[in-house]
Amino acid sequence: MTTCIPAGTGKLHFRARDFNAQGCRKASWVTFSELSWSLGVSKFLQIQRCNSSQNPINESSKPFRTITSSSLSDGSTKYFDFTVIGSGVAGLRYALEVAKYGSVAVITKAEPHESNTNYAQGGVSAVLCPSDSVESHVQDTIVAGAYLCDEETVRVVCTEGPERIRELIAMGASFDHGEDGNLHLAREGGHSHHRIVHAADMTGREIERALLEAVLKDPNIFMFQHHFAIDLLTSQDGSETLCLGVDTLNTKTLEVIRFISKVTLLASGGAGQIYPTTTNPPVATGDGIAMAHRAQAVVSNMEFVQFHPTALADEGLPVKPSKPRENAFLITEAVRGDGGILYNLDMERFMPLYDERAELAPRDVVARSIDDQLKKRNEKYVLLDISHKPRNKILSHFPNIAAECLRGGLDITRQPIPVVPAAHYMCGGVRAGLHGETNVQGLYVAGEVACTGLHEANRLASNSLLEALVFARRAVQPSIDHMKSSSLDFSASTWWSRPVVPMSLERNVINKILTITREVRKELQSIMWNYVGIVRSTTRLEAAEQKIHDLEAKWEDYLFRLGWEPTMVGLEACEMRNFFCCAKMVVSSALARHESRGLHYTIDFPHVEESERLPTIIFPCSSVKSTWSSRQLHSQPIC
């Protein structure tokens, strides 16, 4: 992977952050000659570990046969050619393609439709209008990404995007059309042209519907719902780390189910739930990023957390919800793109004071502007007004938002919408090449869990579904090649100790663990919101680092004193483990960036620094003396 370095520099530089159990940071510079984003991912990390004397990969053994009608299974272990973790747009689109070549397991934490994709309102950005151009889309993306984006990646995504949209339409996805019969293209903040393909304000739901229908009809795809992914199964082949599947917990039956496969795609979404106010569904607890980190995958740019500027502020509604929401209700970027204006509670328009693009500025700018207004005026929300537009157009473009607000006693065709920023999207994630490859052999990533070089310091509106579609397709051919070239020894499933459900613990002990875990979860979320939010400082980040360290140590000590063991698994305990892992990476990455760029704004380094125009790289760390959240349950010996 590369940074956005001008062509012809000859060398690419990576700033590496290495974390130990105490959260200390060691910064070093690593230089690689002639290393490209797409080719360098699996080369720049060399983890020196012992060779396994019983390596499950055996290239000379009889190839694992391709299953066309059912998976091989011995009950608690299942064998597939491909395992997909996540049922959003990236995972489903990939599954439909690789299913033409072998058996596919799609593992989803809850119901198949419960993903960030399903909550995406705005749409998918793509160049589909003659007056628009790929070059314009590229430039808009790079400007929004604060010039940290990898230009090659951006160009690939913007070029391939239109074809991915046409594929969705051919599969049955229905998007809005204008009076001329052509696709209706909306405009959102940061875009210079109308290029957002949408299905009213429920685009993600429509895409998810079309993909799920196709998946359920495919005889080679097997959906495993309510299976929580615990840890990736990895082995060492010399200096290479190999991924051979994943351990899961069936949260309905409380059985540990092991999936052995030649290829694994991680498409598990983001980590918005590490903040108390987020547009992400409850399943977005950073599981994929944390699992990949524990499996020795390189993670990048975790400091760049996008806060959507306009989530519905329930306390500003005439009729308050009867109970707190599990996730904030999103007011899509398209409302501002369609002419919505932001006001403070005195009905003073404020965005022109902060940016000449006003309401059409990128999300990071708008979110910081709202945050500034709220702090200066000691108010809890601002107002987004679209009521000056024709009623019929408002209701046709934003029917879902209109209905939700009406449930709260507010008519958006007559009244402004109370809004407040909320955690929305992780621009950082598992570092990937141009085909979704990671430094772990057999492990590919796509969607929000990945850091591909497209978004970097800030995501341009409606580029997320686009990225997921493009990288899901780009990961297909190398995945097929890897599947055909590798062989699995059926005894592979025995090389790792199995996680255990804590049946030996008494019910009152389990209840105590659940109670403390829920309290710790809220406390961690509070720390992240108060100390690692939209505007940061070194002092507050260091305080957050210490608070998180102490909280994690206190939680683990409490669990282990009650009889919990490191190999035990439970949904809430394992989610908490992933919360800590992701939160620590966000804080440490933020402390390591000594500038303000895109989504990372710190009052101690308020300006952009050219010397800092580099990705933050989190190298895998030793599991020796690490916390429970930072190591695999089945860790193998390290030299």
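Is Y147 buried, partly exposed or exposed? At 45% relative accessibility, Y147 counts as partly exposed, because that label covers whatever falls between buried (under 20% relative accessible area) and exposed (over 50%), with a 1.4 Å probe and protein chains only. Before we go on, a word on what you're looking at: this is a predicted model, where local features need pLDDT of at least 70 and side-chain atom pairs count only at pLDDT 80 or more, while totals for chains, interfaces and linings use all residues. Residues are numbered from 1 along each chain as its sequence is written, and side-chain values use heavy atoms, with hydrogens and water left out.

Let's step back to the whole protein. Its secondary structure comes to 17 helices and 23 strands; these are DSSP runs, numbered from the N terminus, with helices being H or I of at least four residues and strands being E of at least two. Of the 639 residues, 63% count as buried. Contact here means heavy atoms within 4.5 Å. Take the contacts between residues at least 6 apart in sequence, and 76% of them join residues at least 24 apart.

Back to Y147, which sits in the loop between α4 (134–144) and α5. Its phi is near 60 degrees, a positive value in a residue other than glycine. A358 also has a positive phi, about 50 degrees, although it is not a glycine. You'll find A358 in the loop between α9 (351–354) and α10 (363–377). With a relative accessible area of 10%, A358 is buried.

Now follow the chain from Y147's loop into α5. Two packed helices are described by the angle between their axes and the distance between the axes. For helix α5 (residues 151–171) and helix α13 (residues 464–474), the axes come within 8 Å and cross at roughly 90 degrees. The axes are lines fitted to C-alpha atoms, for helices over the stretch in contact, and angles run from 0 to 180 degrees between N-to-C directions. So α5 and α13 are roughly perpendicular to each other, given that angles under 35 degrees count as roughly parallel, over 145 as roughly antiparallel, 65 to 115 as roughly perpendicular and the rest as oblique. On the α5 side, the contact is made by T153, V156, V157, E160, G161, R164, E167 and L168, and α13 answers with L466, E467, L469, V470, F471, R473 and R474. Sorted by class, that's seven nonpolar, two polar and six charged residues. Here Ala, Val, Leu, Ile, Met, Phe, Trp, Tyr, Cys and Pro count as nonpolar, Asp, Glu, Lys and Arg as charged, and the others, Gly among them, as polar.

Next, look around strand β12 (residues 255–266), where L266 lies. L266 has 0% relative accessibility, so it counts as buried. Not counting residues up to four places away in sequence, L266 touches I85, G288, M291, A292, L443, Y444, V445, A446 and V449. L266 and A90 are 176 residues apart in sequence, yet 9.1 Å apart in space, C-alpha to C-alpha. In the loop between β11 (240–250) and β12 you'll meet T253, which counts as partly exposed at 42% relative accessibility. The C-alpha atoms of T253 and H226 are separated by 9.3 Å, with their positions 27 residues apart along the chain.

Finally, try the loop between α17 and β22 (601–602), home to H594. H594 is partly exposed, with a relative accessible area of 38%. Leaving aside neighbours within four places in sequence, H594 is in contact with F605, E609 and E612. From H594 to E612 is 18 residues in sequence and 7.2 Å in space, C-alpha to C-alpha.
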